[in-house]
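Student: I would like to learn how to read local features in a model of this kind. Could we go through them one at a time, with the general idea before the case?

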Amino acid sequence: MHDTLLYNALVVNECRKAIGYVVIDGEFILAVGEGEPPVAIAEACREKIDLGGAMLLPGVIDDQVHFRDPGLTHKADLSTESRAAVAGGVTSYMDMPNTKPPTVTVEAVADKLRHASDVSLANYSFFIGATNDNIDQLLLCDYSRVPGVKLFLGSSTGNMLVDEEEALTRIFRDVPALVAIHSEDEATIRANRERYVAAHGEDLPVSYHPLIRSHEACMISTKRAIARAERYGTRLHVLHVSTAGEVAMFSDEPLSRKRITSEVCVHHLWYTDADYSTLGTRVKMNPAVKTAADRDALRRGLLDGRIDIVATDHAPHLLSEKEGNALTAASGAPMVQFSLPVMLELADRGVFTTELVVEKMCHAPAELYHIDRRGYIRAGYYADLAVVSPDTPYIVADDMVLSRCGWTPLAGTTLHNRVIMTYVNGRQVYCHGKIDDAVRGMELRYKAL
């Protein structure tokens, strides 16, 4: 007997939509088919679930989250944020190293992996962070278990800025792994900050945030990083691209041929600087949300292949930490619970197709990182699946948020696609608002670049 048959589903996978079925056996997908399942298959399954035409997608893979564990767990931890993830159809995540203490040693990565195995409901992985003086740790790291090196070229939460030329050269030249960068030029940011403070004082409204963390800061840093990567043959990945100028720096060739890739975050595809007037510091992010022209260029970049994947940069803070102005309010917001519904909302509005959403949130992250047997609905792959009910309008509210921080910039927004079930490694972890806290995710594994 097999475990579960999901049928009468609109399966969205590998650039196709079709009514079909999926058979789950243990941790894996046993069979995928179009139309009605054969009688023999149905009779061989213990559980049969009629999805009533709901969409069945591969689980989302989010390559950039900040789950704040260890050291910042008053606002989030691996348990609470993985619960939020599975409620949003996110079945795998890659967590960033700017925790307290920062994850900058092989031992610190191992500690996180052990902790996640005890508490995480979703599949998990952890970047190792670069510093000005930890190249020995980066060279010791096992990159079959670590997605890559996170390098801050501009300071952000946790201030892990790497700015020494010798360190940068060794990281780009010697590290045998993907180098993922936060790309903003620190000197430009400092000069902008000093200029605006001198002109207007310390109490700068949040609308100054994209002027301080400006287009130029992003473009200078990204141009320099690409040139350095081309010089040394680095496998470079530029996180949370936010400007039209950066989009033009990337190639539109197929992902499989690229050595330099890019990511865009949901908030940069959804918001513009006009939203500061109504949402204030709730949309204060690093890099900053910028103009409508930038947002439109980012959308076009996804469509034409210059931007490769979509992620969240899920970065919870307490609302009390978001109080203040452009200089004092914390940057970042939770998004992992609503990233897939927001992207499907954009598909409903004709910005993208549903197939492209699945490609950029599920297939492409698996390909970009060479993740073992995830990101697709295929026989022999892990059964990481999300079921989404379309045409189900609801208004997002802070009290829906499962992240410990307890709020979302999306409060008051009407969405029309609701995640109703999530499977992680063949186990139903989320179903119509209820979470099975006994489920545990698995460590992600990576094939050689």
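Tutor: Let us start with a loop: Pro 101 is found between strand 7 and helix 3 (106–119), and the peptide bond that leads into this proline from Lys 100 is cis, with omega near 5 degrees. Bear in mind that this is a predicted model.

Student: Which other peptide bond is cis, with omega near 15 degrees?

Tutor: That is the bond from Asp 69 to Pro 70, and Pro 70 has its place in the loop between strand 6 and helix 2 (78–87).

Student: Which residue in that loop, between strand 6 and helix 2, has a backbone angle to look at?

Tutor: Arg 68 lies there, and although Arg 68 is not a glycine, its phi is positive, at about 65 degrees. To judge burial one compares the relative accessible area with a cut-off, and buried means under 20%; Arg 68, with 2%, is therefore buried.

Student: Is Glu 14, with its relative accessible area of 32%, buried or partly exposed?

Tutor: Partly exposed is the range between under 20% and over 50%, so Glu 14 at 32% counts as partly exposed. Glu 14 also has a positive phi, of about 50 degrees, without being a glycine, and it lies in the loop that links strand 1 (2–13) to strand 2 (16–25).

Student: How can one read burial for a whole strand, and how many residues of strand 7 (residues 90–95) are buried?

Tutor: One looks at each residue of the strand in turn; in strand 7, 6 of the 6 residues are buried, so the strand is largely enclosed by the rest of the structure. Strand 7 also pairs with strand 6 (residues 60–65) in the parallel sense over 4 bridges, and Ser 92 in strand 7 is the bridge partner of Ile 61.

Student: In what order do the strands of the open sheet run?

Tutor: The 6 strands follow the order 9-10-11-12-13-14, with parallel pairing. Strand 9 (128–129) and strand 14 (309–311) each have a single partner strand, so at these edges one side of each is left without a neighbour in the sheet. Strand 9 is joined to strand 10 by 2 bridges, and Ile 128 has Val 149 in strand 10 as its bridge partner.

Student: Which residues gather in a patch of negative charge on the surface?

Tutor: The patch brings together Asp 133, Asp 136, Asp 163, Glu 164 and Glu 166. Of these, Glu 164 is found in the loop between strand 10 (149–152) and helix 5 (165–174), and its relative accessibility of 44% makes it partly exposed.

Key:
Residues numbered from 1 in each chain as written. Predicted model: local features only at pLDDT ≥ 70, side-chain atom pairs only at ≥ 80, totals over all residues. Heavy atoms only, no water. Patch = residues over 30% accessible without salt bridge, like charges linked within 9 Å, V, L, I, M, F, W, Y side chains within 5 Å. Areas by Shrake-Rupley, 256 points an atom, 1.4 Å probe, with all protein chains shown as cover. Salt bridge = Lys/Arg side-chain N within 4 Å of Asp/Glu carboxyl O. Lys, Arg positive; Asp, Glu negative; His and termini not counted. Charge placed at Lys NZ, Arg CZ, Asp CG, Glu CD. Buried < 20%, exposed > 50% of the residue type's maximum accessible area, 1.4 Å probe, protein only. Pairing = 2+ DSSP bridges.
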